[in-house]
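Subject: Structure for you to look at

Hello,

I am handing over the structure below. Notes on what was found in it follow.

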Amino acid sequence: MRSSYRNRIALNFTLGTGLLIALIFLLIYYIVSATVFNRLEKDLGYELEKHFYEVGVQRGQPYFADKAEWLEREHSELEINPVFVALTNLSGKVIDKSPNLKNDSLKLHFSPADHAVFKTTLHGLAIEQVQQVIRENGRPVGYIVVAMPIDESERVLLNLKVVLLIAFSAVLAILFIFTRYLAGRSIQPVLTVIETASKMSNSNMGSRIPVPFVQDELYLLVTTLNELMTRVEHAIEREKRFTSDASHELRTPLAVIKGTLEVLIRKPRSADEYVEKISFCIGEMDRINHLVDQLLLLARFESQQKAMTMGIVDLSELTANILVRHQQQIVEKNLSVDLDTVGIDTVYSDPYMADIMLDNIISNAVKYSSGPARIAISIATSEQITYYAVADKGIGIDSNDISRIRDAFYRSAPLSHPEVRGSGLGLSIVSRMCEMLGVGFTIQSELGKGTQVTLSFPILSQS
């Protein structure tokens with residue numbers, strides 16, 4: 001069974017407040033009741049004490065010494081608050097009584113002690129009664145009993161009880177309706193959040209939930225949801241772009257392999273032709289493998305799943321290892337590489353990521369240079385920063401393309417240099433890693449004259 005959230009809020013608030021109101025009403029009733037009956041008990045005690053001293057004992061029987069007391073109005077008539085008085089012997093037989101009792105008598109209760117107040121009835125009239133033992137020379141000879149009606153007091157308390165019960169029910173009903181109304185207004189922004197979220201789809205991911213003016217918990221909720229939707233939108237955009245670019249980049253080498261194999265099976269070939277075409281296909285497969293590795297690496301960085309392991313990295317040693325990897329290509333292209341180190345050549349960084357960044361920069365310099373040419377690598381320290389720069393004399397980058405060169409799969413003028421093959425992912429990976437490591441990344445290039453890529457490692461991060 002589904003229940004409205006605002007109804008649950010109103011019900012819970014009403015129950016909690018109703019419990020508090022019930023306690024307050026019970027306290028009011030108890031205070032009024034205690035006040036009324038305490039007053040009656042004081043009056044009874046006063047009347048008992050007053051009449052007790054008017055009682056005498058003659059021949060072992062109690063009697064009222066002052067008969068004129070019975071002529072007082074309170075003892076002779078049934079007025080609003082009459083006082084009933086009676087004298088009894090030890091067995092409870094009435095010896096004398098006030099005129100207002102007429103044919104009725106006060107019943108003696110043998111169990112209560114002196115001055116014990118108890119409730120009883122007198123000819124259908126609710127009364128409170130108190131009694132005391134009369135003694136002669138220390139020996140009990142009878143009782144004096146005093147009573148007062150409590151009908152009016154009980155009627156007042158009954159009316160109070162009815163009023164409190166009716167008021168309690170009315171307050172609960174009004175409180176529930178009012179609280180439900182306020183809860184409905186309070187959760188209206190939540191309903192707006194639900195409505196906006198339900199309308200969101202891939203076609204309108206740019207829509208956002210209106211932010212409330214009051215900066216309360218709901219404001220934080222809406223702000224957080226909007227930020228979450230922004231991240232989701234960016235993630236979807238990255239996924240679409242990644243899927244589109246990856247499929248495009250993989251389609252080219254696969255088409256080349258397919259075309260080569262189709263040509264190869266059209267007619268018999270010599271062994272050398274088979275070896276040549278198969279070797280070409282293997283090269284294309286290696287290119288695909290390299291492309292897939294870069295795509296997976298880029299995807300990991302895009303989703304922030306690559307954990308960094310910081311440590312001391314020797315840039316000179318790392319550069320030497322990378323140059324060994326590219327030694328064959330460097331020799332084939334008749335290139336020379338100079339490494340110049342001034343100052344500190346160690347930095348505090350992630351060794352794995354540092355290796356990828358330097359390898360991509362150096363491989364680009366080798367790839368886009370044609371010999372004989374020189375590649376200059378320098379490591380220098382200035383103003384708490386270690387600069388790692390790689391400068392080549394290659395084809396360079398057009399000034400209009402430098403701002404986009406860090407985008408994934410973007411290559412500057414690929415048709416102008418068909419002999420240079422690449423995926424356009426290298427500098428994109430370097431740029432992303434630099435952001436994560438807090439390393440500066442700048443590119444300076446001039447078309448036809450060469451490119452210089454500089455990484456800036458903060459020395460303070462070594463601590």
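**Two loop asparagines and a helix pair**

The loop between β6 (125–136) and β7 (139–149) holds N137. Please keep in mind that this is a predicted model.

N137 is not a glycine, yet its phi is positive, at about 55 degrees. As background, most residues other than glycine have a negative phi. Is N137 buried or exposed? Its relative accessibility is 81%, and exposed begins over 50%, so N137 counts as exposed.

A positive phi of about 55 degrees also appears at N334, again not a glycine. N334 lies in the loop that runs between α8 (327–332) and β9 (335–342).

The other item is a pair of helices. In general, two packed helices are described by the angle between their axes and the distance between the axes. Here the pair is α7 (residues 315–325) and α9 (residues 351–367), whose axes come within 10 Å and cross at roughly 50 degrees. An angle of that size falls outside the ranges for roughly parallel (under 35 degrees), roughly perpendicular (65 to 115) and roughly antiparallel (over 145), and α7 and α9 are therefore oblique to each other. The crossing of α7 past α9 is right-handed.

Which residues make the contact between α7 and α9? On the α7 side they are L315, L318, T319, I322, L323 and R325. On the α9 side they are A354, D355, L358, D359 and I362. Sorted by class, the contact of α7 with α9 comprises seven nonpolar residues, one polar and three charged.

Regards

Notes:
Residues are numbered from 1 along each chain as its sequence is written. This is a predicted model: local features need pLDDT of at least 70, side-chain atom pairs count only at pLDDT 80 or more; totals for chains, interfaces and linings use all residues. Side-chain values use heavy atoms; hydrogens and water are left out. Axes are lines fitted to C-alpha atoms, for helices over the stretch in contact, and angles run from 0 to 180 degrees between N-to-C directions. Helices (H or I, at least four residues) and strands (E, at least two) are DSSP runs, numbered from the N terminus. A crossing is left-handed if the near helix is turned anticlockwise from the far one by less than a right angle, and right-handed if clockwise. Contact means heavy atoms within 4.5 Å. Ala, Val, Leu, Ile, Met, Phe, Trp, Tyr, Cys and Pro count as nonpolar, Asp, Glu, Lys and Arg as charged, and the others, Gly among them, as polar. Buried means under 20% relative accessible area, exposed over 50%, partly exposed in between (1.4 Å probe, protein chains only).
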